[in-house]
Amino acid sequence: MKLELFGEAVDPRRFALVVVLPLVCLGAAAAVFAPPGLWRLAGLLFLALPLVFLFVHRPALVFCLLIFVLFSNLDIFVHFRLYRYLLVFFLASFGLAAAGGRRIVAHHWIVVALLGAFVILAIQSAAFARDFGLSARRLTEFFKILVGVAAVSQFARDRHELRRLFLVLAAGILVSGLLPFAVKPPSEGGNLSVIWSQGVVRYEGFVFEANTLAMYQLFLIPILVFFVGIFKRPLVRLFFILAILASIMVLVLSFS
């Protein structure tokens with residue numbers, strides 16, 4: 001079988017001379033001069049290629065992974081902010097899906113009008129604030145929330161997708177609250193210990209802030225109650241009931 005390019009036969013000798021031989025020379029030079037860390041990185045990238053090809057055309061899976069990492073805070077075990085790379089990968093995957101014909105979910109025009117009014121009021125308030133720097137930071141956080149709501153709406157289009165989103169959220173929050181009982185977090189990932197003293201001993205989980213951890217539990221418990229109501233299998237219900245009790249225990253230990 002002959003190699004062909006744009007309908008024309010490719011000379012194997014010319015292909016070997018122009019393509020194969022330079023690649024072999026580059027590989028040999030890299031083996032001699034490249035640092036060992038670069039080779040480890042190249043090996044990890046090569047092993048990750050199948051997952052990349054699997055996820056690149058499935059933005060919903062990338063979004064679920066991003067949400068899980070954000071709420072579980074498991075990226076403290078790596079030396080870089082993993083969620084930032086996941087966010088870039090998610091944007092690329094969703095952009096490819098949109099270019100391929102994926103429908104973009106748009107809110108009702110009344111909701112869009114209300115959001116526009118809130119944005120105008122927020123910008124106007126920030127423009128005349130006494131502390132403009134603080135106001136600008138809060139305005140940025142407000143815009144991030146709007147972008148997050150718009151992103152979530154793309155993957156909660158029906159009951160099935162909404163249930164999947166709630167499952168990912170619940171899994172991430174449960175991991176951040178319960179996993180520190182079994183796995184000690186790295187010291188560079190946050191505070192030096194999982195529990196700290198502020199008048200009383202307060203449990204922080206992987207959130208590293210007791211009040212925020214308690215807020216997560218207050219957000220999680222109604223979702224778990226919802227799962228108890230919609231799932232009919234006894235073992236599944238028992239699991240979510242135990243998760244509710246564990247979440248209440250974490251809430252009590254946070255002393256918040």
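Buried residues account for 26% of the 256 residues in the protein chain. Burial here means under 20% relative accessible area, exposed means over 50%, and partly exposed lies in between (1.4 Å probe, protein chains only). The model is predicted: local features need pLDDT of at least 70, side-chain atom pairs count only at pLDDT 80 or more, and totals for chains, interfaces and linings use all residues. Residues are numbered from 1 along each chain as its sequence is written, and side-chain values use heavy atoms, with hydrogens and water left out.

The protein chain exposes about 17600 Å². Carbon and sulfur atoms supply 73% of that area. Accessible areas come from the Shrake-Rupley method with a 1.4 Å probe; for residues, only the protein chains shown count as cover.

The protein chain contains 9 helices and 4 strands. Both are DSSP runs numbered from the N terminus (helices: H or I, at least four residues; strands: E, at least two). Along the sequence the pattern reads β-β-α-α-α-α-α-α-α-β-β-α-α. Of the contacts with a separation of 6 or more, 60% join residues 24 or more positions apart. Contact means heavy atoms within 4.5 Å.

Aromatic pairs number 16 in the structure. Rings of Phe, Tyr and Trp (its six-membered ring) pair if their centres lie within 6.5 Å; planes under 30 degrees apart count as stacked, over 60 as edge-to-face and the rest as tilted. The ring centres of Phe71 and Tyr216 are 5.8 Å apart and the planes stand at 45°, so this pair is tilted. Phe71 belongs to helix α3 (residues 59-72) and Tyr216 to helix α8 (residues 210-230), so the pair ties together parts that are 145 residues apart in sequence. Phe227 and Phe231 also form a tilted pair, because their ring centres are 5.8 Å apart with planes at 55°. Phe227 is buried, at 0% relative accessible area. Phe231 is partly exposed, at 21%.

Phe227 and Phe231 belong to a wider cluster. Ring pairs link them with Phe166, Phe226, Phe239 and Phe240. Phe231 has a charged partner as well: the charged end of Arg163 sits over its ring, 5.8 Å from the centre. The criterion for such a placement is NZ of Lys or CZ of Arg within 6 Å of the ring centre and within 35 degrees of the ring normal.

Helix α8 also holds Gln217. Gln217 is buried, with 1% relative accessibility. Residues up to four places away in sequence aside, Gln217 touches Ile173, Ser247, Val250 and Leu251.

A nonpolar surface patch is formed by Leu235, Leu238, Ile241, Leu242, Leu245, Ile248 and Val252. Together these residues have about 670 Å² of accessible area. Patches are made of residues with over 30% relative accessible area and no salt bridge; like charges are joined within 9 Å, nonpolar side chains (Val, Leu, Ile, Met, Phe, Trp, Tyr) within 5 Å. Leu245 lies in helix α9 (residues 234-254). Leu245 is exposed, with a relative accessible area of 52%.

The structure holds 2 salt bridges. A salt bridge requires a side-chain nitrogen of Lys or Arg within 4 Å of a carboxyl oxygen of Asp or Glu. Lys144 and Glu141 form one of them, with an N to O distance of 3.9 Å. Lys144 and Glu141 are 3 residues apart in helix α6, so about one helical turn separates them. Lys144 is exposed at 52% relative accessibility, and Glu141 is partly exposed at 45%. Glu161 and Arg157 also meet in a salt bridge, at 2.7 Å, N to O. Glu161 is buried at 9% relative accessible area, whereas Arg157 is partly exposed at 37%.

Helix α6 (residues 132-153) also carries Phe142. Phe142 is partly exposed, at 26% relative accessibility. Beyond its neighbours within four places in sequence, Phe142 is in contact with Phe118, Val119 and Ala122. Phe142 and Ala122 are 20 residues apart in sequence, and their C-alpha atoms are 8.6 Å apart.

Ala98 lies in helix α4 (residues 82-99). Ala98 is partly exposed, with 30% relative accessible area. Ala98 and Pro59 are 39 residues apart in sequence and 9.9 Å apart in space, C-alpha to C-alpha.
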